[in-house]
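Q: Could you take a close look at the empty space inside this one for me? I'd like one connected walk-through rather than a list.

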Amino acid sequence: MDNGSIPTMDPECMQKPPLAIDIILKLDIFGIILYSVLTFMAAMSMLVYMEECIYIYKKVPNNKKTVIIWVNGAAPVIGTMSCLGMWIPRATMFTDMFSACYFSIVVFKFLILMVEEVGGDEAFLKRGGKHKLRISTGPCCCCCPCLPYVAITKRSLFLLKLGSFQFALLKPVFTILSIVLWTNGTFDLADLTITGSAIWINPFVGILTIIALWPVAIMFMHLRTALRTLKIIPKYAMYQLVLILSQLQTAIINILALNGTIACAPPFSATARGYMMSQQLLILEMFIITLATRLLYRRQYDPLPEEEQDDNENTKMAPVP
């Protein structure tokens, strides 16, 4: 056999992700510029967010301060964590977990934000007395238009909140469990065998995510007309965009890296390079979203007009079918 015909792999492609100092020492001119620009974007995102927090603290009513600060922080927090993961590749799993935990809370807070924009629980129930909720919406039941409409009551509102709150509660729990299993050597994102813990934990967390997104979609479909003047549609679009980019885009890139579609580039293995590409894209994307959300949430927070006293269709909820 001709040994020269046997393909060889760079030994560095089989190693763990490089240390931060190794990355710094091997950066060329293009790498220095790229890392500097992306780090600047992440830092600016956090500065813009801090400035927005000051504005919210001074200008926004007390019942909305916390939820708006949480929702506004999704993009800058994910961008900052991605920057840390870019500089310290071996910490990527932890930075991604922290970002996912933060966003799980944002999902619940966005639901609360829509209710607070109407005036709170009591105002929502008062407005919704003659309306019903359409539950045949994504991501669970968009293909089931035959599902009945649900009356707006304290119980239905509680169930909507509970559906999103379970994700904010259980996602950190499963994250802690994953870290504990990782320290024991039994959790590896690259281990997709039936005996690996990742193949069981990640799909279950995915189911929890879908369940949590469903109440938010139901509430948005119900209030999108009433809150149109408050730009709820572009706000919801930004929230969905953060979800798609931070979860779906990252998952696709990581799958391509695990399948070998993304080539190894020493000192990065194929998997580590996939993670690196994901972090760099997220920094740029979250920077743009941070600037967009700043424009959407920087406004006067006046009470929403009463539906019965307003003839404008923009303040009305979805009617009973």
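Which helix gives the largest share of the lining of the largest cavity?

A: That would be helix 9, which contributes four residues to the lining of the largest cavity. Bear in mind that we're looking at a predicted model.

Let's stay with that cavity for a bit. Its volume comes out at about 100 Å³, and 14 residues line it. Nearest the centre of the largest cavity you'll find Val 71, Ala 74, Tyr 239, Val 242 and Thr 293. Besides helix 9, the elements that put two or more residues into this lining are helix 3 (62-72), helix 4, helix 5 and helix 10. As for chemistry, the lining of the largest cavity splits into 11 nonpolar residues, two polar ones and one charged one.

Searching the whole structure turns up two cavities of 30 Å³ or more, so to speak a pair to set side by side. The second largest has a volume of about 40 Å³. Its lining consists of Val 48, Tyr 49, Glu 52, Asn 72, Thr 290, Thr 293 and Arg 294. Thr 293 should ring a bell: it is also one of the residues nearest the centre of the largest cavity. Helix 2 (29-59) and helix 10 each give at least two residues to the lining of the second largest cavity. By class, that lining has two nonpolar, three polar and two charged residues.

Now for the open space. The largest pocket has a volume of about 1,100 Å³. It is lined by 38 residues, and the closest to its centre are Lys 171, Asn 202, Gln 247, Ala 251 and Asn 254. Helix 9 (232-258) turns up here too, as one of the elements that give two or more residues to the pocket lining. The others are helix 4 (74-87), helix 5 (92-118), helix 7 (154-183), helix 8 (198-223) and helix 10 (270-297). Sorted by class, the pocket lining holds 25 nonpolar, 11 polar and two charged residues.

Two of those pocket-lining helices also pack against each other. Helix 5 and helix 7 have their axes 10 Å apart and meet at an angle of about 170°, which means that helix 5 runs roughly antiparallel to helix 7. In the contact of helix 5 with helix 7, 19 residues are nonpolar, four are polar and two are charged.

Definitions and conventions:
Residues are numbered from 1 along each chain as its sequence is written. This is a predicted model: local features need pLDDT of at least 70, side-chain atom pairs count only at pLDDT 80 or more; totals for chains, interfaces and linings use all residues. Side-chain values use heavy atoms; hydrogens and water are left out. On a 1 Å grid over the protein atoms alone, a cavity is a set of points where a 1.4 Å probe fits but cannot get out, and a pocket is an open set with protein on both sides within 12 Å along at least five of seven lines; lining residues have an atom within 4 Å of a point. Grid points are joined across faces, edges and corners, and a volume is the space filled by probe spheres set on the points. Ala, Val, Leu, Ile, Met, Phe, Trp, Tyr, Cys and Pro count as nonpolar, Asp, Glu, Lys and Arg as charged, and the others, Gly among them, as polar. Axes are lines fitted to C-alpha atoms, for helices over the stretch in contact, and angles run from 0 to 180 degrees between N-to-C directions. Angles under 35 degrees count as roughly parallel, over 145 as roughly antiparallel, 65 to 115 as roughly perpendicular and the rest as oblique.
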